[in-house]
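Please look over the sequence and the 3D structure shown here before reading on. The report that follows takes up a few local features and then turns to wider ones.

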Amino acid sequence: MRTLTAGFFSAADGVVADPQDWHFPYFCDELGAAVTEQLGADTMLFGRTTYDGFAAAWPAREAGGQDMEFAKILGDARKIVFSHEKLDLAWRNSEQAEGDLLDVVRDLKAGEGGPVAVSGSVSVVRQLLRAGLLDELHLFVHPIAVGRGMRLWEDDLDEPIKLRLIKCDVFKSGTLHVVYGPEQDGQ
């Protein structure tokens with residue numbers, strides 16, 4: 001069975017929106033390595049908004065520069081995009097999912113291949129967590145309070161989702177890398 005991970009840059013107050021506005025002062029090599037490890041997957045899942053942001057930023061970086069290696073990792077991965085609208089996807093190895101998100105993910109996890117990863121895509125991750133399909137949730141908690149913007153969880157849980165701590169690392173920038181998995185029976 002394939003593993004499914006999701007990762008978010010998060011402010012200390014839980015805001016995950018617009019990390020491009022507050023993340024970069026806290027970037028360090030440790031954070032870069034952890035993000036590369038989490039996203040170093042055969043397949044990546046995206047909601048439309050996150051895909052649009054990645055597709056606008058990463059393909060051109062494959063041609064050169066300091067981000068070239070990471071851009072190539074992203075470009076080489078199979079990218080499956082979930083949207084209710086018909087999309088025209090220009091980034092190589094991209095396809096639009098056909099069918100229900102949870103059914104598609106169940107089939108992916110049961111199939112052959114390596115890890116599956118999600119970066120951002122709040123609506124996708126919320127559904128995966130509710131359905132118990134996520135194996136690891138990577139939160140990169142930055143030492144900043146943003147004050148406004150979308151959080152991973154708003155007031156939309158019918159019941160709590162219990163998680164267990166897998167690991168927590170502190171980077172020299174003060175950012176925490178917290179990894180949670182689903183609560184296991186008896187823990």
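## Surroundings of Q96

Leaving aside neighbours within four places in sequence, Q96 is in contact with V81, S83, E85, K86, L87 and L89 in this predicted model. Q96 belongs to strand β4, which covers residues 94–96. With a relative accessible area of 17%, Q96 is below the 20% cut-off, and is therefore counted as buried. Two of the residues in contact with Q96, namely S83 and L87, are also reached by its side chain through the backbone atoms listed in the table.

| Side chain | Backbone atom reached | Distance |
|---|---|---|
| Q96 | oxygen of S83 | 3.3 Å |
| Q96 | nitrogen of L87 | 2.8 Å |

## Strands β6, β7 and β8

Strand β8, made of residues 176–182, pairs in the antiparallel sense with strand β6, residues 136–142, over five bridges, and V141 has L176 of β8 as its bridge partner. Strand β7, residues 163–170, also pairs with β8 in the antiparallel sense, here over seven bridges, and C168 stands opposite V178 in β8. The hairpin of β7 and β8 has five residues between the strands, and in this hairpin G174 takes a positive phi near 90 degrees.

## Helix α5 and its cover

Which residues of helix α5, residues 122–130, are buried? They are V122, V124, V125, R126, L128 and L129, and what covers these buried residues includes β1 (4–11), β2 (43–47), α4 (101–110), β5 (116–119), β6 and β7. Just after α5, G132 takes a positive phi of about 70 degrees.

## Nonpolar cores

In soluble globular proteins, nonpolar side chains tend to be buried together. The largest nonpolar core of this model holds 26 residues, of which L45, V125, L128 and L137 touch the most other members. Two or more residues of this core come from each of β1, β3 (78–82), α4, β5, α5 and β6. Apart from this core lies another, of 22 residues, with L39, A41, Y51 and W58 among them.

L137 can be followed further through its contacts: when residues up to four places away in sequence are not counted, L137 touches A6, F8, V125, L129, L152, L163, V178, V179 and Y180. Among these partners of L137 are V125 and L129, both of which are buried residues of α5, and V178, which was named above as the residue opposite C168.

Definitions and conventions. Residues are numbered from 1 along each chain as its sequence is written. This is a predicted model: local features need pLDDT of at least 70, side-chain atom pairs count only at pLDDT 80 or more; totals for chains, interfaces and linings use all residues. Side-chain values use heavy atoms; hydrogens and water are left out. Two strands pair if DSSP finds at least two bridges between them. Helices (H or I, at least four residues) and strands (E, at least two) are DSSP runs, numbered from the N terminus. Buried means under 20% relative accessible area, exposed over 50%, partly exposed in between (1.4 Å probe, protein chains only). Contact means heavy atoms within 4.5 Å. A nonpolar core is a set of buried Ala, Val, Leu, Ile, Met, Phe, Trp, Tyr and Cys residues joined through side-chain atoms within 4.5 Å. A polar contact is a pair of N or O atoms within 3.5 Å; within protein, one must be able to donate a hydrogen and the other to accept it, and residues adjacent in sequence count only if both atoms are side-chain atoms.
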